[in-house]
Amino acid sequence: MTQPLLEISGLKTHFGVGGTTIRAVDGVDLVVNPGETVCLVGESGCGKSMMARSILRIVPPPGQVTAGQINLHRQSGKVVDLAALDPKGAEIRSIRGREVAMIFQEPMTALGPVQTIGSQITDAIQLHLKVSRKEARNQAIEVLTRVGMPRPEQRLEAYPFQLSGGMRQRAMIALALSCQPRLLIADEPTTALDVTTQAVILDLIRDLQAEMGMAVLFITHDLGVVAEIADSVAVMYLGRVVERAAVDDIFHNARHPYTRGLLRSIPRLGIRVGEELDTIEGMVPNPFNRPSGCSFHPRCVEMIPGRCDRVDPSRTRLPDGTEVRCLLHEPHRQETAPAGALQ
Amino acid sequence: MTLVAKQGIRRSGSSDRRTPIYTVEGLRVHFPITRGVMRRIVGQVKAVDDISFIVYRGETLGLVGESGCGKTTTGRALLRIVEPTGGRITYTPPDGDPINVRTAGRDELKAVRRAARMVFQDPNSSLNPRLPVGEIIGEGLHYHGIARGAEIEDRVADMLRRVGLRPEYIRRYPHAFSGGERQRIGIARALAVNPNFVICDEAVSALDVSVQAQILRLLRELKDEFDLTYLFVGHDLAVIQHICDRVAVMYAGKLVEIGPTQSIFATPRHPYTEALLSAVPRPDPRVRGTGERVRLAGEVADVSNLPSGCAFHPRCRYATERCKTETPQLRPVGEQMVACHFADSLTLKGVGSYAA
């Protein structure tokens, strides 16, 4: 077993708003191995983006990483706990964009609007690598070529608004890859794109990953995208990872009722016209008003009355490696469950 | 009219399906590009360029394509939210004479806009944040003189119940609702005045999957309950396949293919349709890497500067010299209508080839 690249345990990111606390990320455990693609899936508001931002310590105020560890195995062999670093300190800044880079959903807001693509990329390169302006420019051209940008020399002089959506996304990927990070965090990078462009960008990320051997933490709500690129998957619900498994197990042997519900509610190509989709009833609860016990119980079809609304399930590791937070899968409780249900 | 007549006999459902509700012939929506202080016209953006189709009573017709292909503009032109620059749009009420929408006067247009309604993509920007839900839904009732005073409130409460919201919410403002609930409000507003035709413009695109499935189910239930006809504009082909009886595919302002959903998805006849279908991610890791994927190179054609001949030719892997010079016309091939010179000879891949 290789050493993991990133190990997150018990991570909590909370937002204090007027006396109350929103627990956006509430005790997340996650492992990313070198070269692996981990998909983080969940509906809007489940905390997946805040989770990603916590890793780079770019949580917007009043949010704060309040507990847990984010252990990054650095290139030098040193292990740093990112959660313990000063978010404005030198060490985290030497990691951001260098060892861990991020791409965002909306390239138009993530890229600087008044700086050319070229100067944004060369700035990033010069910040982290000791190279001359000219050398940085050559590297920028090289990385733009690599992401499939036509005529990269001319595009260096282009501003983001002069590019189409797909090209802008390529420019942002080029910016993220400019210092050859070991981990790329991709926060819904294809959500705003057309399916045809999405397919091309996914191919690109996959090829670049194979070529550069970097790990990818891919955040999405689209299970189709997950099936296309993931090695392993973590499903989030209300700030927690409720199920973590290899991609094949998620799609063919899902354990958590929420994962199963999500899979049943996606329209698949090949479905017959008029065929009914299953849905998960209700909606994601308001984070101010979190249900007691298992936070999924009000929407769960397999809810055990008297137990799921009281007991907060702990993380259970099943023999095949799947980790799940659900009372149905807690071994010692499984035996007592029928008795409990009869009461 | 010949083209439209040909489409008319394609549907083999109940005879009811063959009654047109909306007939579109040669629709054009061009926007001028102006320059300088004199607003000199230097070009045209051909957002919608000469498209013809019929929506039959009781069916759901899907309109798909990439962003910028003109699908939303087409939907809006049907209600004259954007003014068409050419062509004919005819609305046929269930009982009464056909109305020429393009030349309709104020009263006629008002009648059309009562019978044909719209549900918008973004439930955040399509609801007035300063109006309580009761007024948002009730406004149409008042404007069309359907109800007055307390009766409006009763009908709004009833409408809220039908879309799955609690009638007590009538005095709340849109910000107090989640995305899925807001979309329900948008649907209630569209249906409050008892329309018979609804244009759903990307009505589920902004929603999470679990909520999306709920809204799709609601739309289907309401269709049966109110005997509606839908024009469903969207880009998610899996959703389209799920809800539509027929599908029309648009590229760069033109219709490239139209036909029954099953046959379009199983045997697409236009290379663009094939590419669109191939790009949809398949939600099963076991089929990853199987089957040949068609990838489109380049960008969607610029509608202010269209390529010569077939607008799709620069991205088409089957393109020949003929495609660069000669514009293909929509013509019947099998069960579909296709605008491609080689529709008869090409063997294209549909989704049947990878669906489990």
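What share of chain B is helix and what share is strand over residues 32-277? The figures below show close-up views of a predicted model, in which local features need pLDDT of at least 70, side-chain atom pairs count only at pLDDT 80 or more, and totals for chains, interfaces and linings use all residues. Residues are numbered from 1 along each chain as its sequence is written, chains are lettered from A and ligands numbered from 1 in the order in which they are written, and side-chain values use heavy atoms, with hydrogens and water left out.

**Figure 1. Residues 32-277 of chain B.** An unreviewed UniProt entry lists this stretch as "domain: ABC transporter"; positions follow the numbering used here, feature names are shortened, and such annotations may be inferred rather than shown by experiment. The stretch is 38% helix and 25% strand, with its end C-alpha atoms 33 Å apart. Helices (H or I, at least four residues) and strands (E, at least two) are DSSP runs, numbered from the N terminus.

**Figure 2. An open sheet in chain B.** The sheet has 4 strands in the order β2-β1-β4-β5, with antiparallel pairing; two strands pair if DSSP finds at least two bridges between them. Strands β2 (40-56) and β5 (99-100) of chain B are at the edges with a single partner strand each, so one side of each has no neighbour in the sheet. Strands β1 (residues 20-35) and β4 (residues 86-91) of chain B are joined by 5 bridges. Thr23(B) has Thr90(B), in β4(B), as its bridge partner. Helix α2 (residues 71-78) of chain B packs on the sheet and touches β1, β2 and β4 of chain B. Contact means heavy atoms within 4.5 Å.

**Figure 3. Two cysteines without a disulfide partner.** A disulfide is a covalent bond between the sulfur atoms of two cysteines. Here the term is applied to a pair of cysteine sulfur atoms within 2.5 Å, and the structure holds 0 over all chains. The closest cysteine sulfur to that of Cys326(A) is in Cys300(A), 6.2 Å away, which is too far for a bond. For Cys69(B) the closest is in Cys244(B), at 14 Å, also too far. Cys326(A) is buried at 7% relative accessibility, and Cys69(B) is buried at 1%. Buried means under 20% relative accessible area, exposed over 50%, and partly exposed in between (1.4 Å probe, protein chains only).

**Figure 4. Thr316(A) in strand β11 of chain A.** This strand covers residues 316-317. Thr316(A) is buried, at 7% relative accessibility. Beyond its neighbours within four places in sequence, Thr316(A) contacts residues including Thr322(A), Val324(A) and His329(A).

How values were computed
Axes fitted to C-alpha atoms, helices over the stretch in contact; angles between N-to-C directions.
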